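This report describes one protein chain, from its overall fold to its helices and a few single residues.

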Amino acid sequence: MRFRGRAKSRQPAAAPVPAVPEPSGPVPVLVIDALGRKCPIPIIMLAERIREVPVGEVVAVLADDPAARTDVPAWCRMKSQDFVREETLAQGGWGYHIRRTY
């Protein structure tokens, strides 16, 4: 038996919308692209430009040299800057987020 008013329309199920990853920390005010450069160049670029951001703001350094994974946090400790976090980049390499403290 078929009821006219109760017929369900057969629409295809909507495809799930991929989740957009949200940043897990503060958004950097300045991004320094040091991809393709060997250490200590990313550190030198960071040291030259960190004063461009206000105290308390975050600067990001993009680097793909594995030495930067130890050099950037070490530089932050030596210079009393806050190393906020490290993120893996989709295109390869890492993004290092540093908060200027003085």
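A residue counts as buried when its relative accessible area is under 20%, and as exposed when that value is over 50%. The model discussed here is a predicted one.

**Overall fold**

The protein chain contains 2 helices and 4 strands, and their order along the sequence is β-α-β-α-β-β. Buried residues make up 31% of the 102 residues in the protein chain. The accessible surface is about 7300 Å², and carbon and sulfur atoms hold 54% of that area. Among contacts with a separation of 6 or more, 64% are between residues 24 or more positions apart.

**Helix H2**

The buried residues of H2 are Ala68, Val72, Pro73, Trp75 and Cys76. Around the helix axis they cover an arc of only 155 degrees, so they sit on the same side of H2. Thr70, Arg77 and Met78 are exposed on the other side of this helix. A general feature of helices is relevant here: an α-helix has 3.6 residues a turn, so residues three or four places apart point the same way. The cover over the buried residues of H2 includes H1, S2, S3 and S4.

Cys76 has a relative accessibility of 1% and counts as buried because the cut-off is under 20%. Just after H2, Ser80 has a positive phi of about 60 degrees, although Ser80 is not a glycine. This residue belongs to the loop between helix H2 (68-78) and strand S3 (82-88).

**Helix H1 and its contact with H2**

In H1, the buried residues are Pro42, Ile43, Met45 and Leu46. Seen down the axis of H1, these residues fall within an arc of 160 degrees, so they line one face of the helix. They pack against S1, strand S2 (58-63), H2 and strand S4 (94-99).

How do H1 and H2 pack? Their axes are 9 Å apart and the angle is about 35 degrees. The crossing of the two helices is right-handed. H1 contributes Ile43, Leu46 and Ala47 to the contact, and H2 contributes Asp71, Val72 and Trp75. Ile43 and Leu46 are also among the buried residues of H1, while Val72 and Trp75 are among those of H2.

**The two helices side by side**

| Helix | Buried residues | Arc of buried residues |
|---|---|---|
| H1 | Pro42, Ile43, Met45, Leu46 | 160 degrees |
| H2 | Ala68, Val72, Pro73, Trp75, Cys76 | 155 degrees |

**Cysteines and the cis peptide bond**

Cys39 and Pro40 are joined by a cis peptide bond, with omega about 20 degrees. Pro40 is located in the loop between strand S1 (30-33) and helix H1 (41-49). Cys39 has a relative accessible area of 19%, so it is buried, the cut-off being under 20%. With the requirement that two cysteine sulfur atoms lie within 2.5 Å, the count of disulfides is 0.

**The segment before S1**

Pro26 lies in the segment before S1. Is Pro26 buried, exposed or partly exposed? Its relative accessible area is 32%, so Pro26 is partly exposed. Leaving aside residues up to four places away in sequence, Pro26 touches Val58, Val84, Arg85, His97 and Arg99. Of the residues in this list, Val58 is 32 residues from Pro26 along the chain, and the C-alpha atoms of Pro26 and Val58 are separated by 7.0 Å.

Notes: Residues numbered from 1 in each chain as written. Predicted model: local features only at pLDDT ≥ 70, side-chain atom pairs only at ≥ 80, totals over all residues. Heavy atoms only, no water. Buried < 20%, exposed > 50% of the residue type's maximum accessible area, 1.4 Å probe, protein only. Contact = heavy atoms within 4.5 Å. Areas by Shrake-Rupley, 256 points an atom, 1.4 Å probe, with all protein chains shown as cover. Arc of directions from axis to C-beta. Axes fitted to C-alpha atoms, helices over the stretch in contact; angles between N-to-C directions. Left-handed = near helix turned anticlockwise from the far one by under 90°.
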